[in-house]
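Please read the following report alongside the sequence and the coordinates. The account moves from the overall make-up of the chain to particular elements and residues.

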Amino acid sequence: MVPNLGKEPPAARKGARRLPRRESALVWWALFAAIAGLALWLQSWRVALLGLLTWCLYEFVLVPTLCRVLKRQGHPCAERVRGRLFACGPGHQQLKNDALWRLAGLRNPFQKNGEDPETGGVVHSPYVRGRLTPADRVLILLAALGTVAVLVGMVYGFR
Ligand SMILES: [Zn+2]
């Protein structure tokens, strides 16, 4: 688990003044620590499972992070977004969706073939489109594994 403590690259900091302040990721990690502590105190794997589910949900849709879609020039997009599954706009969201499908080992069935959503031009190498940063990839995979673990735990727990 790599905690994202809200450290944003300098590119994001430049425009940060006009944007509303967001809560620190530390607040979230304090919540997860509290749930983990409670699970240990109660010796309850159900509470631990609940904590894991909360963490997965947090990584997918709640984490204050950056869009980080790699643009044509190779710089990751520095727009703020909430949740690793989401991007700053429809164009980047499409790139991110493609990358997420590829992460799952599949081809995006909704992909508009060979069209660059940023420019509308033809893309010759589909592998250049919408790469995820390694940290995002690892955390999305971990959260997906966590979700599977929660589902297995729920089925096992209700038998
Ligand atoms: Zn973006």
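The report below describes a predicted model, beginning with its secondary structure.

**Overall make-up**

The protein chain contains five helices and two strands, and these follow one another along the sequence in the pattern α-α-α-β-β-α-α. Of the 159 residues in the protein chain, 21% are buried. Among the contacts in the protein chain with a separation of 6 or more, 49% join residues that are 24 or more positions apart.

**The pairing of α2 and α3**

Two packed helices are described by the angle between their axes and the distance between the axes. For helix α2 (residues 25-42) and helix α3 (residues 45-62), that angle is about 165 degrees and the axes lie 8 Å apart. Because angles over 145 degrees count as roughly antiparallel, α2 is roughly antiparallel to α3. The crossing of α2 and α3 is left-handed.

On the α2 side, the contact is made by W28, F32, I35, A36, L38, A39 and L42, while α3 contributes V47, A48, L50, G51, T54, W55 and Y58. Sorted by class, the residues in this contact of α2 with α3 comprise 12 nonpolar and two polar ones, with no charged residues.

**Two loop residues with positive phi**

Q43 is found in the loop between α2 and α3, whereas R68 belongs to the loop between β1 (64-66) and β2 (80-82). Each is a residue other than glycine with a positive phi, as the table sets out.

| Residue | Phi | C-beta neighbours |
|---|---|---|
| Q43 | near 50 degrees | 8 within 10 Å |
| R68 | near 55 degrees | 24 inside 10 Å |

The surroundings of these two residues can be read from the neighbour counts. Q43, with 8 other C-beta atoms within 10 Å, is exposed, since a residue with 12 or fewer counts as such. R68, by contrast, counts as buried because 24 C-beta neighbours lie inside 10 Å, and the cut-off for burial is 20 or more.

**Helix α5**

How far should helix α5 (residues 134-157) span at 1.5 Å a residue, and how far apart are its end C-alpha atoms? The 24 residues of α5 should span 34 Å, and the end C-alpha atoms are 34 Å apart, so the expected and modelled values agree. Within α5, the residues D136, L139, I140, A143 and G146 are buried. The elements that cover these buried residues of α5 include α3 and α4 (90-103). Helix α3 therefore appears in two settings, in the contact with α2 and in the cover over the buried residues of α5.

Key
Residues are numbered from 1 along each chain as its sequence is written. This is a predicted model: local features need pLDDT of at least 70, side-chain atom pairs count only at pLDDT 80 or more; totals for chains, interfaces and linings use all residues. Axes are lines fitted to C-alpha atoms, for helices over the stretch in contact, and angles run from 0 to 180 degrees between N-to-C directions. Helices (H or I, at least four residues) and strands (E, at least two) are DSSP runs, numbered from the N terminus. Angles under 35 degrees count as roughly parallel, over 145 as roughly antiparallel, 65 to 115 as roughly perpendicular and the rest as oblique. A crossing is left-handed if the near helix is turned anticlockwise from the far one by less than a right angle, and right-handed if clockwise. Two residues are in contact if their C-beta atoms, placed from the backbone, lie within 7 Å. Ala, Val, Leu, Ile, Met, Phe, Trp, Tyr, Cys and Pro count as nonpolar, Asp, Glu, Lys and Arg as charged, and the others, Gly among them, as polar. The expected span of a helix is 1.5 Å times one less than its number of residues.
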